[in-house]
Amino acid sequence: MIFLTTAIDYPNGSPHIGHAYEKVLTDVLARYHRLCGQKVYFLTGVDQHGQKMVRTAEEQGVNVATLAKKNTKKFTKLLDALSISNDGWAETIDPTHKACVQKILQHLHDDGQLYKKSYQGYYSIRQEQFLTDQERDTDGNFGPEWGEVEERKEENWYFKLSEHTAWLREAMQSNVVGIEPAFRKNEVLNAIEKAESTDLCISRPKERLSWGIPLPFDEDFVTYVWFDALINYISFAGYLKDDDSELPNFEELWPAHLHVIGKDIMVPAHSIYWPCMLHAIGFSDEQMPNLLVHGWWNIRGEKMSKSLGNIVDPMELVDAVGTDAVRYYLARDIVTGKDSDFDTERLFVLFNSEMANGLGNLLNRSLNMTKASLDGKLESYQHDDEECQLVRKSHASLLENFPQKMAEHDLRGALEALVSFITDVNTFAERTKPWELKKDESKRDQLTAVLHHMCESCALASILLQPFLPDAAAKMQGQLNAAHLAELQIKDLQWGLLPAGQTINKPKPVFPRLQAQETD
RNA sequence: CGCGGGGUGGAGCAGCCAGGUAGCUCGUCAGGCUCAUAACCUGAAGGUCACAAGUUCAAAUCUUGUCCCCGUAACCA
């Protein structure tokens, strides 16, 4: 079983293009694994607890639970709009999750991993954490990034993070916890040093924050939001579930094949806290998850921000250009792990040239000619020549390259391989000129061969496109009149997916060209 | 010397980890084709791969140094 997760989003506002990207990235991987014949469990969700939710609710003058519900809906709507195929849905206010978190806390408490102590120091309200001298700037002050800082003394519960850092360092160096891309690992190793000297405060006094999961052994406190949120990866995977629960079978899912996360939450949450938490709970090295850390979409070289007014709303984008174009662009124009520039013009250009003009047009011309000159039926044929062989060679090399790129999580590379194949087939059409062959009845066998090569190529393209653009792929298969293609797995793919005597359906553009610039 | 990322034809980027003819998309110029979504195909121009030194038979790729740019300042992916 391939267990894939995204980060769970913080619904104190509307989703932006970054949220959309992470979902699409993970969805493409999930669908690809399914295409490989693997069982997949794809989990995504929302992190509804935490002080910031409370503050946002106060600002808007609504009940925090109401706000959580309202904003959560925006995220589920986005999943629909993007055709995300998640199997599970994680909401941290779910009682099942709460029960699991409390069981884990109790276990850690009984195991001596937690202790209570009083701490006096400077507290950043915005960051919801106490500050140490390490956070002071060169002048000895706390910078503006911490917002309002006040001196505060309070008792809290701590997790003995420092007792696990030696193990973590070793685990990181030996790839027990895998991190992609590799260059991110250094950041983690540097961050471990800091964790060695500090334990993690995992509670917040109820008197000042009641919106959270109460500690089972101390009613005066609720759980720190990260400690709560990270556990979603196992709680919704069925860890410590009740017998009558409908959650999946944990032993089948765990460890997570990949936690797909953004670069901002790698350190410390996912690369320090999370492995140490699992280690403390009792998970072995073999049960450690892997991280796929993706980059950010910038806007014209600048960070996306509300103050700059350059936030890209994925819902508006889907409304304007459609699900296919958004999915295609997010998968196509970024190197997994790196940052990229979000550019609507690029979206138009790439989608129009590669999908509409390239693949869509290829399918359309192939079917039209098959319809017009062969009565829509691809009979068996004898003809073969060098041009046909070239197409089959390109077909074979795509079948080799595409899975390789996907295995490296290189979505862009996989799509480039697909586009390159499409170009080869279009070239094939130019050279063999089926529109001339049809004028000579004696060349009917050759014409059939050419059109079959074109349609066969479209059949393969439709299957490889499935993880990226499932709706478009289905439309292509509908026009090819070959619904059976959707049932095939990667290992089944070879030349000859369309049987002799295949009749095709009426062609209709699958990828309408995106028109002009959007009106903003 | 906090940490990290980056500097590649007009634009945007890949390639760098595992050195070996510099690649992709768009743009520009010229041509071809007409089955198709005014789409498709061919050819051309255009780069001292930031700079310098080093290692090597060979460096965009490895090492060292220098100069620039951008994050690390949540809106949080």
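The following exercises, each with a worked solution, walk through a predicted model of a protein with an RNA strand.

In this predicted model, local features need pLDDT of at least 70 and side-chain atom pairs count only at pLDDT 80 or more, while totals for chains, interfaces and linings use all residues. Residues are numbered from 1 along each chain as its sequence is written, chains are lettered from A and ligands numbered from 1 in the order in which they are written, and side-chain values use heavy atoms, with hydrogens and water left out.

**Exercise 1. Describe how helix α13 packs against helix α17.**

Step 1. Two packed helices are described by the angle between their axes and the distance between the axes. Helices and strands are DSSP runs numbered from the N terminus (helices H or I with at least four residues, strands E with at least two). Axes are lines fitted to C-alpha atoms, for helices over the stretch in contact, and angles run from 0 to 180 degrees between N-to-C directions.

Step 2. Helix α13 covers residues 344-374 and helix α17 covers residues 444-465; the angle between them is about 145 degrees, and their axes are 10 Å apart.

Step 3. The crossing of α13 past α17 is left-handed, a term used if the near helix is turned anticlockwise from the far one by less than a right angle, with right-handed used if clockwise.

Step 4. Contact means heavy atoms within 4.5 Å, and among the residues that make it are M355, L359 and R365 of α13 together with R444, L447 and C458 of α17.

Step 5. By type, the contact of α13 with α17 holds 14 nonpolar, 4 polar and 2 charged residues. Here Ala, Val, Leu, Ile, Met, Phe, Trp, Tyr, Cys and Pro count as nonpolar, Asp, Glu, Lys and Arg as charged, and the others, Gly among them, as polar.

**Exercise 2. Work out which parts of the protein surround RNA strand B.**

Step 1. A residue is near a strand if one of its heavy atoms lies within 4 Å of it. RNA strand B is surrounded by 53 residues, of which H19, G262, S305, R365 and R412 are the closest.

Step 2. The helices α1 (17-35), α6 (185-196), α13, α15 (411-432) and α16 (434-437) each supply at least two residues of this surface, and α13 gives the most, with 13 residues.

Step 3. The surface near RNA strand B divides into 15 nonpolar, 20 polar and 18 charged residues. On the RNA side, 65% of the atoms within 4 Å of the protein belong to sugar or phosphate, and the rest to bases.

Step 4. A polar contact is a pair of N or O atoms within 3.5 Å; within protein, one must be able to donate a hydrogen and the other to accept it, and residues adjacent in sequence count only if both atoms are side-chain atoms. A base nitrogen of RNA strand B is 3.4 Å from a polar side-chain atom of H16. Polar backbone atoms also take part: that of G360 is 3.4 Å from a base oxygen, and that of F511 is 2.7 Å from a base nitrogen.

**Exercise 3. Decide whether H453 and T223 are buried or exposed, and find their contacts.**

Step 1. Buried means under 20% relative accessible area, exposed over 50%, and partly exposed in between (1.4 Å probe, protein chains only).

Step 2. H453, in helix α17, is buried because its relative accessibility is 1%. The residues it touches include Y381, F428 and W495, and a polar atom of the H453 side chain lies 2.8 Å from the backbone oxygen of A449.

Step 3. T223, in strand β11 (residues 218-223), is buried because its relative accessibility is 3%. Among the residues touching T223 are V101, L105 and D228, and a polar atom of the T223 side chain lies 2.7 Å from the backbone oxygen of I213.

**Exercise 4. Locate the unusual backbone geometry at P255, P268, L240 and K433.**

Step 1. Most residues other than glycine have a negative phi, and most peptide bonds are trans.

Step 2. W254 and P255 are joined by a cis peptide bond with omega about 5 degrees, and P255 lies in the loop between α9 (250-253) and β12 (258-262). Another cis peptide bond, with omega about -5 degrees, joins V267 and P268, and P268 is in helix α10 (residues 266-281).

Step 3. L240, not a glycine, has a positive phi of about 55 degrees and lies in the loop between α8 (232-235) and α9. K433, also not a glycine, has a positive phi of about 45 degrees and is found in the loop between α15 and α16.

How values were computed
Lists of a residue's contacts leave out its neighbours within four places in sequence.
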